[in-house]
Amino acid sequence: MSLEIRSPQVRVAVAADAQAACNVLRRSIAECCEVDHKNDRTILDAWLGNKTPQMVESWFVSPTNFSVVAELDGVVAGVALLTGAGKLALCYVLPEARGQGLGKAMLARVEEQVLCWGVKALQLHSTATGQGFFASRGYTDAGKVRSPYGVETVFFWKQLDASGDAGADATKRKRFCNCNSA
């Protein structure tokens, strides 16, 4: 008997994905991030407070965000959201979908988008739960930061431009926020 390997399909998120993506976020945070929220109802309620289908839909349709979902067998099992400033704001998978390559596939797609935008580095705040994942993907730990909902996070960043030359002429680089300089 052979084990079927399911391969994730990553695609751009649409408004109609909001309910399923919201379910991914809420379940992943509640069930996978216990080491972070320690089952403290106050922290968990604050963390989940903006994870509603309506809010997720607004994130997906915002022209300043880039969102993807990962599907397994046609079911949304992962969600990632990138802001226009090059910040990975979300990267979550369903508890039962962990270890199946969804996070890696979504992160690779988000990194491609960052480069398309001309942003040279990606930044994020990781939970303790996700810390090993981002470290294994080449992200640099730049220290601890407390989240607005009371969880200590790790600030990570990764240089994504091909040259990786931090000493390049500043006039040739775009500002990190990707704003036009005067």
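## Close-up views of a predicted model

**View 1. A parallel pair of strands is shown, with L88 standing opposite L124 in β5.** Strand β4 (residues 87–93) and strand β5 (residues 121–126) run parallel and are joined by 2 bridges; two strands count as a pair if DSSP finds at least two bridges between them. This is a predicted model, in which local features need pLDDT of at least 70 and side-chain atom pairs count only at pLDDT 80 or more, while totals for chains, interfaces and linings use all residues. Residues are numbered from 1 along each chain as its sequence is written, and side-chain values use heavy atoms, with hydrogens and water left out.

**View 2. The open sheet is built from 7 strands with mixed pairing.** Its order is β1-β2-β3-β4-β5-β7-β6, and the edge strands, β1 (9–12) and β6 (140–146), each pair on one side only. From one strand to the next the twist averages 25°. Helix α4 (residues 53–61) packs on this sheet, where it touches β2 (65–72), β3 (75–83) and β4, and its direction makes about 115° with that of β2; such angles run from 0 to 180 degrees between N-to-C directions, with axes fitted to C-alpha atoms, for helices over the stretch in contact. Along the sequence, the protein chain follows the pattern β-α-α-α-α-β-β-β-α-β-α-β-β, with 6 helices and 7 strands. Both kinds of element are DSSP runs numbered from the N terminus, helices (H or I) having at least four residues and strands (E) at least two.

**View 3. Strand β3 pairs with β2 and with β4.** β2 and β3 run antiparallel and are joined by 8 bridges, whereas 5 bridges link β3 and β4, also in the antiparallel sense. V79 can be followed across the three strands, since V69 has V79 as its bridge partner in β3, and V79 in turn has Y92 as its bridge partner in β4. The hairpin of β2 and β3 has 2 residues between the strands, and D73 takes a positive phi near 50° there. In the hairpin of β3 and β4, 3 residues lie between the strands, and G86 in the turn has a positive phi of about 85°.

**View 4. G78 is found in strand β3, and its surroundings are shown here.** At 0% relative accessibility, G78 counts as buried, a word that means under 20% relative accessible area, with exposed meaning over 50% and partly exposed lying in between (1.4 Å probe, protein chains only). The strand around G78 is mostly covered, as 8 of the 9 residues of β3 are buried; of the 182 residues of the protein chain, 39% count as buried. Not counting residues up to four places away in sequence, G78 touches V24, V68, V69, A70, Y92, V93, L102 and M106, where a contact means heavy atoms within 4.5 Å. G78 and R98 are 20 residues apart in sequence, and their C-alpha atoms are 9.3 Å apart in space.

**View 5. E111 lies in helix α5 (residues 102–117).** This charged residue is buried, with a relative accessible area of 15%. Leaving aside neighbours within four places in sequence, E111 is in contact with L122, Y139, K158 and L160.

**View 6. The hairpin of β6 and β7 has 5 residues between its strands.** β6 and strand β7 (residues 152–159) run antiparallel and are joined by 5 bridges, and R146 stands opposite E152 in β7. G150, in the turn, has a positive phi of about 95°.

**View 7. The largest pocket has a volume of about 880 Å³.** A pocket is an open set of points on a 1 Å grid over the protein atoms alone, where a 1.4 Å probe fits, with protein on both sides within 12 Å along at least five of seven lines, and its lining residues have an atom within 4 Å of a point. The volume is the space filled by probe spheres set on the points, which are joined across faces, edges and corners. There are 37 lining residues, of which L90, C91, Y92, T127 and F134 lie nearest the centre of the pocket. At least two residues each come from α1 (18–32), β4, α5, β5, α6 (128–136) and β6, and β4 gives the most, with 7 residues. The lining divides into 19 nonpolar, 13 polar and 5 charged residues; Ala, Val, Leu, Ile, Met, Phe, Trp, Tyr, Cys and Pro count as nonpolar, Asp, Glu, Lys and Arg as charged, and the others, Gly among them, as polar.
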